[in-house]
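Student: I have a new structure to look at and I don't know where to start. Can you go through it with me?
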Amino acid sequence: MERKVAREFRHKVELLIENEAEKDYLFDVLRMYHQSMDLPVLVGDLKLVINEPKRLPLFDAIRPLIPLKHQVEYDLLTPKRSRKLKEVRLDRTHHDGLGLSVRGGLEFGSGLYISQMVKDGQADNVGLQVGDEIVRINGYSISSCIHEEVISLIKTKKIVSLKVRHVGMIPVKSSSVEPLKWQFVDQFVSETGEKKSSIAGLASIGGKEIKEKKVFLSLVGTKGMGISISSGPTQKPGIYISNVKPGSLSAEVGLQVGDQIVEVNGVDFTNADHKEAVRVLKSSRSLTITVLTGAGRELFMTDEERLAVEARRELDRQELMQQKRVALETNKIIKEQQEKEKQRKMEISQKAAEEEERYKKEMEKIEAAETKHSREWEEDWGAKDRPKSPSSPRTRKSSSPAAPESKAAKAKSSPDEACSLTEEDEEEDRDEQGFQKYEEDFDPYSMFSSDQIDGRDVRVLRIKKTGQLDLALEGGADSPLGKLVISSVYEGGAADKHGGVVPGDELMAVNGKNLIDATLTEGQNSLARAWNSGGDWIDVVIAVSPPKEYEDEVTFF
């Protein structure tokens, strides 16, 4: 949805604004608004680029881009325009006149717009507004009429029928050689020298706020009013004060150069010519004059004042361009930072993925090597019969000379009995003892040197991985013992259930890894890795500890 709104907005911008710099400026002020959330500044800046009636639809196009919490305020700040026509009727013979001024016409390249209203006048009472465009007068379209023709058309009938639509802008053109410009109604009516409508520096032309003022003059015993009057140009008709004599009665009551006289003793001066205005002003020694202060001040500026205004406008323009350059530079820096951050995150993500892949491959290699080693060990030793083990898992009995003789005696009794006995003994030993050597002819010298074996009983035990091994070690190659010794076999653990290892046995190898020269930590780690790696069995090579009692060492005295 948001993409669709943005797409439609861009399309409307392309349609209504041809100047690329103005397009860039419009996008800049929108970006700046979304950073500052200052709505009055945004609207003021928008008015710099939405500066003619045909661009007014952009205000509606921008509205969906404004957060919901600001949209009501946005509606209040932006110009209200209407596509609907409104028809009103005015009485030209009314003693207060029509109560409005108009400007524009075909010769100025614009329609006819209401530029001024008399407060509580006839036009004001029927709902007309400054910024209304007059489309028809007495049923006639005025789109191809010059200003004088429109005025003549208004004067043809006593009841004037007007069809208008509200635009909210007024054409401004001081002379025929100047390009047509537009001002918003609020800027035109409240032209103050100090007020700025936006942070970008849009200042009004200068002068006092246009207000309606009524003064009373008694000319009895005086030499006159002390003013001169002039008719306004075609595009700004009316009677204006062109000179005020210092110290005169008019100066004392506050009349100034540029004030527009709209009424004298109830006579409407809005459409009066110069001759009629002079007649009315001289017709009485007591005058009630209504003026619009400063309404025509720009008409009577000196060259120096005009140059000052132009210089001020140029400064404002330069300030606006500077603001735009700063905004563009800021946006450029922000965009570069965003690109760098995006690139950095992509690199981090890529490195993490590569590290994950490398770790995965490394683990696969380790697992493959362990599987291969286990399979080779199984092929070399696991498939062959293991020799008998002592009957007790905790205490081994020594293989005294009597034991083989006893078995040999049994074997001599009969071959059948010997065979049966051997099979029974093997089965019984497997069930009761739970561990075996791999082969009777297992050669420990294939793994260890003769010094390392040194006549000890070296055995290979295969312990099934069920639960925990529960085996404790002590010593190590760097300890006083000089070797890894099993210090405890905990009850209920896998080593205890196997029964082939007891405290005091030396741990020589685990899963083919020689631990003769291993420290205690290395031995514990090797044992833990072997137990936690793949496979169902662990192969442990031990040197059986000597029994506590030897029958051949018992001496009787």
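Student: Let's start with Ser533. Is that residue buried or exposed?
Tutor: Ser533 is buried, because its relative accessible area is 16% and the cut-off for buried is under 20%. Keep in mind that this is a predicted model.

Student: Where does Ser533 sit in the chain?
Tutor: Ser533 is in the loop between α16 (520-532) and β20 (537-543).

Student: And which residues does Ser533 touch?
Tutor: Leaving aside residues up to four places away in sequence, Ser533 touches Glu370 and Lys465.

Student: OK, step back. How many helices and strands are there in the protein chain?
Tutor: The protein chain has 16 helices and 20 strands. It has 557 residues, and 39% of them count as buried.

Student: What about contacts between residues 24 or more positions apart?
Tutor: Such residues account for 64% of the contacts in the protein chain with a separation of 6 or more.

Student: And how much accessible surface does the protein chain have?
Tutor: About 32,900 Å², with 51% of that belonging to carbon and sulfur atoms.

Student: New topic: aromatic pairs. How many are there?
Tutor: The count is four aromatic pairs. One of them is Phe9 with Phe27, an edge-to-face pair with 6.1 Å centre to centre and 80° between the planes. Phe9 is in helix α1 (residues 2-16) and Phe27 in helix α2 (residues 20-36), so the pair links distant parts of the chain, 18 residues apart.

Student: Are Phe9 and Phe27 buried or exposed?
Tutor: Both Phe9 and Phe27 are buried.

Student: Which other pair can I look at?
Tutor: Try Phe59 and Phe184, which are also edge-to-face, at 6.2 Å centre to centre and 75° between the planes. This pair links distant parts of the chain too: Phe59 is in helix α4 (residues 57-62), Phe184 is in strand β8 (residues 181-184), and they are 125 residues apart. Phe59 and Phe184 are both buried.

Student: What sits over the ring of Phe27?
Tutor: The charged end of Arg10 does, 4.7 Å from the ring centre. As for Phe184, Lys47 lies over its face, at 5.1 Å from the ring centre.

Student: Lys47 is in α3, right? Which residues of that helix are buried?
Tutor: Lys47 is one of the buried residues of α3, and the others are Leu39, Leu42, Val43, Gly44, Asp45, Leu46, Leu48 and Val49. Nine of the 11 residues of helix α3 (residues 39-49) are buried, so the helix is largely enclosed by the rest of the structure.

Student: How about helix α5, which residues are buried there?
Tutor: In helix α5 (residues 68-77) they are His70, Gln71 and Tyr74. These residues cover an arc of only 115° around the axis, which means that they are on the same side of α5.

Student: What do the buried residues of α5 pack against?
Tutor: They pack against α2, α3 and α4.

Student: And which exposed residues are on the face turned away from the buried side of α5?
Tutor: That face carries Lys69, Val72 and Leu76, which are exposed.

Student: Last topic, salt bridges. How many does the whole structure have?
Tutor: A search finds 13. One of them joins the side chains of Lys23 and Glu20, at 3.1 Å from N to O. Lys23 and Glu20 are three residues apart in helix α2, so about one helical turn separates them. Lys23 counts as buried, at 4% relative accessibility.

Student: Which residues are linked with Lys23 in a network?
Tutor: Glu14 and Glu20 are linked with Lys23 in a network of salt bridges.

Student: What does Lys236 form a salt bridge with?
Tutor: With Glu298, and the closest N and O atoms are 2.4 Å apart. Lys236 lies in the loop between β10 (227-231) and β11 (239-244), and Glu298 in the loop between β14 (286-292) and α11 (303-382), so the pair ties together parts that are 62 residues apart in sequence.

Student: Are those two residues buried or partly exposed?
Tutor: Lys236 is buried, with a relative accessible area of 6%, whereas Glu298 is partly exposed at 24%.

Methods:
Residues numbered from 1 in each chain as written. Predicted model: local features only at pLDDT ≥ 70, side-chain atom pairs only at ≥ 80, totals over all residues. Heavy atoms only, no water. Helix = DSSP H or I, 4+ residues; strand = E, 2+ residues; numbered from the N terminus. Buried < 20%, exposed > 50% of the residue type's maximum accessible area, 1.4 Å probe, protein only. Contact = heavy atoms within 4.5 Å. Areas by Shrake-Rupley, 256 points an atom, 1.4 Å probe, with all protein chains shown as cover. Phe/Tyr/Trp six-rings, centres within 6.5 Å; stacked < 30°, edge-to-face > 60°. Lys NZ or Arg CZ within 6 Å of the ring centre and 35° of its normal. Salt bridge = Lys/Arg side-chain N within 4 Å of Asp/Glu carboxyl O. Arc of directions from axis to C-beta.
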